[in-house]
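Me: Could you walk me through this assembly, chain by chain and contact by contact?

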Amino acid sequence: MTKAQIVAHILPMPAQDRRILGAAVALLAVLAILPLMASALVVDKLTYLFILIMFAAMWNLLAGYAGLVSVGQQAFIGLGGYAMVRMVEAGLPPFPAIFLGALAAGAVAWVMSWFVLRMKAGEFAIATWVIAEAIRSMVSFDPLIQGETGTSITALNAYAPEMRRLTIYLLSLVTMTLMIWGAWALLHGRTGAQAQAIRDDEEAAESVGITTFAVKQRIYVLASIGCAVAGTLWLASAITFQPRTSFGVQWSVFMLFMVLVGGIGTFIGPILGALLFFALQEIFGDFGAWYMAGVGIVAILFALYLPNGIVGLWLNKGRAEPLSMRKLLSQDR
Amino acid sequence: MTAALELNQIVGRHGQLQAIKGMTLRIDKGEVAAIIGANGAGKTTLMRMIAGLHPCAEGSIALFGSDVTAMPAHGRLKAGIALSPEGRRLFGDMTVQENLMIAAENGRRGDWNLASVCDAFSQITPLLARPAGGLSGGQRQAVAIARALIANPDVLLLDEVSLGLSPVAVDGVYQSLETLRGAMTMILVEQDLTRAMKFAGRVICMAEGVLELDGAPKDLTRAQITDAYFGIHKTADTAAGGAAHA
Amino acid sequence: MLEAIVQGVLLGGYYAVLAAGLSLMFGVVRFINLAHGDMAVLGAMIALWFVQGAGLHVAIAIALTLPLMGALGWLMQRMIFERALQGGFLIPILTTIGLGAALQNGMFGLFGSDTKSLGAYIGNLSWASWEIPGGIFIGQLPGYMFLTAILVLGAVHVLLTRTAFGRAVRATATDSEAAALCGVDARRVHRGAAAIAVALAGLAGIFLAMRAQVTPFAGPMLLIFAFEAVVIGGIGSLRGTLIGGIALGLAQSLGAMISPQFSLLAGHCVFLAVLAYRLMSGAAAGRGGWRATISALFFHKSMLRGKS
């Protein structure tokens, strides 16, 4: 078959998916004008939700599509934050610093990738964590950071709280949308197909000429920039940078939970997982440590008994996967 | 004659592929059977299924009348089935003695122990303290068979004992196996047709997961064996289709 | 400087015990237990409860805690890890991270955040020291801990090399199918190995509680130290784990001479340097011995694919 013939056989997006997309667009429009009507608390909470969705989407990109289970994504959350702090200190306005800081973290990710991507799964997981710790150590030496005390991005206080909140909300909404759309485009394109091939059988993929390393590196760097941006947006709303918080491993635990419970390796899974996690935090967050212990136990149960998450449950009922990354071919030849 | 091993319509799969397609076979106590066939016929898969390393997707396996289909490999050793696997699979970093001791400690008690296997395979005795990985092919094969024997099995499975060995070494191996005749039920997978026909009282030929031929060497013609080996069916279908399966 | 070196070596004994359990799980069960550090903390908490809550003597508390930890390890292997291993490489990692989070926060909920220590219960061992020629002081507690570490690791070594169980463990680690053909039940071996690994973690936790304090959230840091020691010393041999532990202890001890913050960083840097070196030179597949197999597990494309 010629390429044109094959392409002609690819089915267009199923009706179910088009309906979902339509609903999503409508929802985005509503969210965009929401701040005009909702209270400050709602706006803040929604901002946090958008940030969670970004984290989940990026971790899913890494673990679900590239097979890289990173317990060290907090390295980029922390680095992005640190870069932002330093840039603001150097005189850059805070809002551009949000994105430039993330890019700086991405550069570090690129350097790290040459090293960490050569490891096997288990080693990669812990090594990324150790590296995050090492970076945290180094960052806390910076006199500006004052060890564990941290520092505040006072430049943000120059803006009126209302305007600041609104700006961060809109930036988060836009970034989240772009990130999700970007992930969609990436996965639907060549990288996605290559990642899928690697996921199914790495050796076979290499034998057809796919450079596993290049594909993984691309995904690793992009996911790290994504995590860093989500982290700097979070920092912009939190204002104070503390190494222990920004470099904390709990970020990776949250990401893991959201992706695992939602459905690893699916497109809609992480979004569902983020929504669920957000809801759980709202309802049970006051229980403090017991809540987190419960999160851990739920994670174990899902890992052992429902490894495909909520989307997996849906698929088990025989339904088609919503917004699937797989291209479906028509049956007639 | 007591049936030592009964395979009833067993099916073995590799993913979606059927490696063994509904095979029925009965091996009597004390028989020496050779399984021959081209590469990919399923001989090793069959051995692994009998030994418990490969699951039976369908069908059943009985050892002296008891159903062992669900029994895992370590249990089957204790029930009396021992396999000297393809490639020998010795524990390279452990000494020959340790290799033997593991099977002795986890297998059955009986006439075979460290002293008696060393008697039977005299070339092992000076090697006991050497790491198994440093031995020659012939020596390793002797240790592998000894390791299977030391567990006192009733049924001894030998997968490709001549693989990678010089003709002299193979002679040595078969000489040792000769001493077991009568006392032990043996099933060997053998690529060397001549040897198989000389040593075994029964030759079983497999092709593509199916039994093609089964009989005593003296009853089988060369032509029959060759056809069975390559899975050539002299049936109406083939004549009409015009192609022989090769 | 000399004192720092001595301290570093003694600290290494503690790290070696901490790392030994992790190494055992990696090498034998092929399982990455990211909650290993939390197990150590759990061991400390249980021992502390025996001493503070039940008023028992420290030695009795230890004698009770270690078998309890062993039983816990056996149970976790049976109920959680075995199942997790069937799910592919992601699931064990995800499971143990969840386990770690559950343990940390559960312990925090039960015991609160005040730091706890066994230091008050071991008489003057905490600060007494011996003087050796050269004006060097060796703390008695670190000295005893180091001796205990050597004894314990030696005992595990003897267990692995001279007992039937140890042979079964090494065989399973090398080639679990061939071991099954020799009658070794891999699940029994794995459960035994897990029991030993968790008991060792518990012992390390007790050491920590004696020489410093433990908090419920100390686990992750301990995991990192254990992992660093394992990688520095080379995976798959107890001697290597001891060397790795000592190397880490030395790095931290010498780093502490610059500043307390730097001590941890020094350890991280040594770890990363060794890791980089190993990645560059790769690991020889070798003759398929159990050490080479374990090293290959980490640094080679899965040469073990296809072996169950």
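Reply: Happy to, and the ground rules come before the questions. This is a predicted model, where local features need pLDDT of at least 70, side-chain atom pairs count only at pLDDT 80 or more, and totals for chains, interfaces and linings use all residues. Residues are numbered from 1 along each chain as its sequence is written, chains are lettered from A and ligands numbered from 1 in the order in which they are written, and side-chain values use heavy atoms, with hydrogens and water left out.

Me: Which pair of chains has the most contacts?
Reply: Contact here means heavy atoms within 4.5 Å. Chain A and chain B have no contact, and their closest C-alpha atoms lie 14 Å apart. Of the two pairs of chains that touch, the one with the most contacts is chains A and C.

Me: Which element gives the largest share of the side of chain C that touches chain A?
Reply: In this contact, 47 residues of chain C meet 44 residues of chain A. Helices (H or I, at least four residues) and strands (E, at least two) are DSSP runs, numbered from the N terminus. Elements giving two or more residues to this side of chain C are α3 (58-85), α4 (90-111), α9 (219-233), α11 (260-281) and α12 (290-299). The largest share, 15 residues, comes from α4(C).

Me: How many salt bridges does the rule find across the interface of chain C and chain A?
Reply: The area buried there (accessible area, 1.4 Å probe, that two parts lose on being put together, summed over both) is about 4,000 Å², with 78% from carbon and sulfur atoms. The side of chain C divides into 33 nonpolar, ten polar and four charged residues (Ala, Val, Leu, Ile, Met, Phe, Trp, Tyr, Cys and Pro count as nonpolar, Asp, Glu, Lys and Arg as charged, and the others, Gly among them, as polar). A salt bridge requires a side-chain nitrogen of Lys or Arg within 4 Å of a carboxyl oxygen of Asp or Glu. By that rule, the number between chain C and chain A is zero.

Me: And how many salt bridges are counted between chain C and chain B?
Reply: Here 20 residues from chain C meet 24 residues from chain B, burying about 2,000 Å², 58% of it on carbon and sulfur atoms. The side of chain C has nine nonpolar, four polar and seven charged residues. In one salt bridge, the side chains of C:R167 and B:E105 meet at 2.5 Å, N to O. The count for this pair of chains is five.

Me: Which three residues supply 33% of the area that chain C buries against chain B?
Reply: On this side of chain C, α6 (164-174), α7 (176-181) and α12 each supply at least two residues. No other three residues supply more of the area than this trio: C:R167, C:L181 and C:C182.

Me: Why is one side of β6 and of β10 in chain B left without a neighbour in the sheet?
Reply: Strands pair if DSSP finds at least two bridges between them. Chain B has an open sheet of six strands with mixed pairing, in the order β6-β7-β8-β3-β9-β10. One side of β6 (81-84) and of β10 (210-215) has no neighbour because both stand at the edges, each with a single partner strand.

Me: Which residue stands opposite B:A34?
Reply: Strand β3 (residues 32-37) of chain B runs parallel to β8 (residues 185-189) of chain B, and four bridges join them. Across from B:A34, in β8(B), stands B:L188.
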